[in-house]
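Me: I am still learning to read protein structures, and I would like to take a close look at a single part of this one. Please go through it slowly and explain each step.

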Amino acid sequence: MKKDPRVDAYIAKAAAFAQPLLLEMRKRVHQACPDASETIKWNVPFYELDGKLVASMAAFKAHTKFGVWQDMKPHMVDVATPAELPSAPDWSRRLKAAAEHAKNAGGKTMTKKASPKKAARKKAASKKPVAKKATNRRAK
């Protein structure tokens, strides 16, 4: 896996407590998913395989957050100390399962189709309303 220099910069800017945590989780992703690519999305590091999200990590003031993704559904953990890191074998198993899922998803995309009701409302909303003729009749 090729390292993205933006992820290096992200880790360098993180709080001192978070840097070793981020480096460890980055190493775990690289070991479990060597074909995944690093990128920055929504201002945090993400790992993708075949265009599908596999993992993410983020640093905050007092904790870090690590995620393993399948079908846009993350399994997230909050970590503030090295002792709170998930076990390496467990995390590796989750990462490998997510990578396998991303590979098997192939060209499938996660798109929502509008329901018939929503489509009808959208079509109705797109029609221009007919202007009513203003009248100034007073009752006599």
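Which residues do ring pairs link into a cluster?

Reply: The model is a predicted one, and in it the cluster that ring pairs form is made of Trp42, Phe46 and Trp69. The structure holds 2 aromatic pairs. In one of them, the rings of tryptophan 42 and phenylalanine 46 have their centres 5.3 Å apart, and because their planes meet at 70°, which is over the 60 degrees required, the pair is edge-to-face. The two partners differ in how much of them is accessible: tryptophan 42 has a relative accessibility of 63% and therefore counts as exposed, whereas phenylalanine 46, at 5%, counts as buried.

Phenylalanine 46 also pairs with tryptophan 69, and here the ring centres lie 5.7 Å apart with the planes at 55°, so this pair is described as tilted. An angle of 55° falls between the limits of 30 and 60 degrees, which is why the word is neither stacked nor edge-to-face. Both phenylalanine 46 and tryptophan 69 are buried.

It also helps to ask where these two residues sit along the chain. Phenylalanine 46 belongs to strand E2, which covers residues 44-49, while tryptophan 69 belongs to strand E4, covering residues 64-70. The pair therefore ties together parts that are 23 residues apart in sequence. Taken as a whole, the cluster joins Trp42, Phe46 and Trp69 through ring pairs, with phenylalanine 46 taking part in the pair with tryptophan 42 and in the pair with tryptophan 69.

Key: Residues are numbered from 1 along each chain as its sequence is written. This is a predicted model: local features need pLDDT of at least 70, side-chain atom pairs count only at pLDDT 80 or more; totals for chains, interfaces and linings use all residues. Side-chain values use heavy atoms; hydrogens and water are left out. Rings of Phe, Tyr and Trp (its six-membered ring) pair if their centres lie within 6.5 Å; planes under 30 degrees apart count as stacked, over 60 as edge-to-face and the rest as tilted. Buried means under 20% relative accessible area, exposed over 50%, partly exposed in between (1.4 Å probe, protein chains only). Helices (H or I, at least four residues) and strands (E, at least two) are DSSP runs, numbered from the N terminus.
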